[in-house]
Amino acid sequence: MATFHKIKVKDIYKETADTSVVTFDMPVDLKDEFAFQQGQHLTLKANLDGEDVRRSYSLCSSPFEDQWRVAVKQIPGGKFSTYVNEKLSAGDTLEIMPPSGAFGVDCSEDAKTYVAFAAGSGITPVLSMIKTHLAKEPNAKFKLFYLNRTVKSIIFKEEIEQLRNKYFGRFEIFYFLTKERRDIELFNGRFTSEKLKEIFGKLLYVPAVNEAFLCGPEEMIFLIRDELVNAGMPKENVHYELFVTGLSEEDKKRAERLAQQNVEGVDVTIVDGGKEFHFTMTSDYDNILDAALGAGADLPFACKGGVCSTCKCQIVEGNVEMKINYALEADEVEQNFVLSCQSVPMTEKVKLDFDV
Ligand SMILES: Cc1cc2nc3c(=O)[nH]c(=O)nc-3n(C[C@H](O)[C@H](O)[C@H](O)COP(=O)(O)OP(=O)(O)OC[C@H]3O[C@@H](n4cnc5c(N)ncnc54)[C@H](O)[C@@H]3O)c2cc1C
Ligand code: FES
């Protein structure tokens, strides 16, 4: 069930000029429901100027810290991030949905080597992973390649430096800056194909990496994923999370094709909270989530853009096609999981289960 809970802000502080870190005062009776895995995110909701606005924010705390904390970077003109950075105060209440997402991997008994490439606020889920894997896996190693504009804009620099001292020899960090020059040319500017090859030659032996995590702008993620795969990493061990997406040419073509699909009269059944909800879809809607919300269902969603996975469900009957999917892993798609906000019915009858 899509359940939001009203939770108080315990503490809020500015980590950098444009990023606020918010810690929630999690009531004891909600701690089980809000238990999370490193890499997961919360959906926050607030009523802003009469409009219910919901957005996803990755937890930057580790599951073992007994803290629920997010970092929100202000996007110029952004509704929710501006509200958090300019108005939200300790003692205020936000509506929060329990954690979701599958960006992280389980802790392991093996001596694993993890690597992460993060840009700006992309550090948030990665910080949770670093703290968790290094604390819970005594033989694990973690390498972080972290891109920012300037030294001052590096989110969580102090905490990362403390972790480097605490896990000396097991945690390595390499900072890359786009708006300040440093002596070693490699560390100046964005990741490029050439730069990544140099990194793989000097700083990162890719065949020894077990899991890679990428979080940042779309073009950075796909460039690094492809270079890691070209250097020998299995694609299924390269995990990524997008915060926002522009549509690629391939996505645009698929969206145009699916826009032609006739959805009028499709018989839809939604399973949610153990109950079935039926409705007939009309061509007023181009995806099942919006059609279901329009018909009165109360379903979970946040981005409506195919990146957060909050609207994930499983096909039980019939078939749908997704316009875009930047949130589900290949094995989830194989098991018939779909993003309802992107799902267009391809059969006259479809049944989707949100309780999975
Ligand atoms: C799974 C997931 C986890 C996320 N975790 C975090 C996190 O830990 N910290 C964090 O700060 N954000 C995170 N985000 C992004 C966050 O959900 C919002 O999208 C972001 O805060 C902007 O919301 P807004 O309401 O301020 O902007 P909006 O009013 O929604 O957007 C204003 C404009 O900015 C553009 N825009 C939106 N987001 C971005 C962006 N990230 N970069 C550049 N342009 C953008 C929009 O396309 C739009 O044109 C996450 C997103 C997802 C899907
Ligand atoms: S609501 Fe975010 S992927 Fe569907």
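This is a short tour of a predicted model, stop by stop, with something to select at each one.

**Stop 1: the three domains**

Start by colouring the chain by its domain assignment: domain 1 covers 5–100, domain 2 covers 113–241 and domain 3 covers 261–353. Now look at domain 1 and domain 2 together. Their C-alpha centres are 24 Å apart, and the contact involves 15 residues of domain 1 and 14 residues of domain 2. On the domain 1 side, select strand 1 (5–16) and strand 5, the elements that each give two or more residues to this surface. Strand 5 contributes the most, with three residues. If you colour that side of domain 1 by residue type, you will find six nonpolar, seven polar and two charged residues.

**Stop 2: the sheet in domain 2**

Next, show domain 2, residues 113–241, as a cartoon. Look for an open sheet of five strands with parallel pairing, in the order 9-8-7-10-11. Which strands are at the edges? They are strand 9 (171–177) and strand 11 (238–241), each of which pairs on one side only. On average, neighbouring strands in this sheet are turned by 15° against each other, direction ignored.

Zoom in on strand 8 (residues 141–148) beside strand 9; the two run parallel and share seven bridges. For a landmark, select Lys 143 and its bridge partner in strand 9, Glu 172.

Now bring in the helices. Helix 2 (residues 123–136) packs on the sheet, where it touches strand 7 (113–119), strand 8, strand 9, strand 10 (211–215) and strand 11. The direction of helix 2 makes about 160° with that of strand 8. Then select helix 5 (residues 218–230), which lies across strand 7, strand 10 and strand 11 and runs at about 180° to strand 11.

**Stop 3: a hairpin and its parallel neighbour**

Move on to domain 3, 261–353, and select strand 12 (residues 267–272) with strand 13 (residues 275–280). These strands run antiparallel and are joined by six bridges. Together they make a hairpin with two residues between the strands, and Gly 273 in the turn has a positive phi of about 60°. Beside the turn, you can pick out Asp 272 opposite Lys 275 of strand 13.

Strand 12 has another partner to show: strand 18 (residues 349–353), which runs parallel to strand 12 and is joined to it by five bridges. Here, select Asp 267 and find Lys 349 of strand 18 opposite it.

**Stop 4: around ligand 1**

Display ligand 1 and the 25 residues around it. Which of them come nearest? They are Gly 78, Phe 80, Ser 81, Thr 124 and Cys 308. Strand 4 (51–58), strand 5 (69–73) and helix 1 (79–86) are the elements that give two or more residues to this shell. By type, the shell holds eleven nonpolar, ten polar and four charged residues.

**Stop 5: Cys 308**

Finish by centring the view on Cys 308, in the loop between helix 7 (288–294) and strand 14 (312–317). Is Cys 308 buried or exposed? Cys 308 counts as buried because 28 other C-beta atoms lie within 10 Å, where 20 or more is the cut-off. To see what surrounds this residue, select His 41, Ser 56, Ala 302, Cys 303 and Ala 327, which Cys 308 touches when residues up to four places away in sequence are left out. Lastly, try a distance label from Cys 308 to Ser 58: they are 250 residues apart along the chain, with their C-alpha atoms separated by 10.0 Å.

Notes. Residues numbered from 1 in each chain as written. Chains lettered and ligands numbered in written order. Predicted model: local features only at pLDDT ≥ 70, side-chain atom pairs only at ≥ 80, totals over all residues. Pairing = 2+ DSSP bridges. Helix = DSSP H or I, 4+ residues; strand = E, 2+ residues; numbered from the N terminus. Near = placed C-beta within 6 Å. Nonpolar A, V, L, I, M, F, W, Y, C, P; charged D, E, K, R; others polar. Domains from an automatic or database assignment. Contact = placed C-beta atoms within 7 Å. Axes fitted to C-alpha atoms, helices over the stretch in contact; angles between N-to-C directions. Buried ≥ 20, exposed ≤ 12 C-beta atoms within 10 Å, placed from the backbone.
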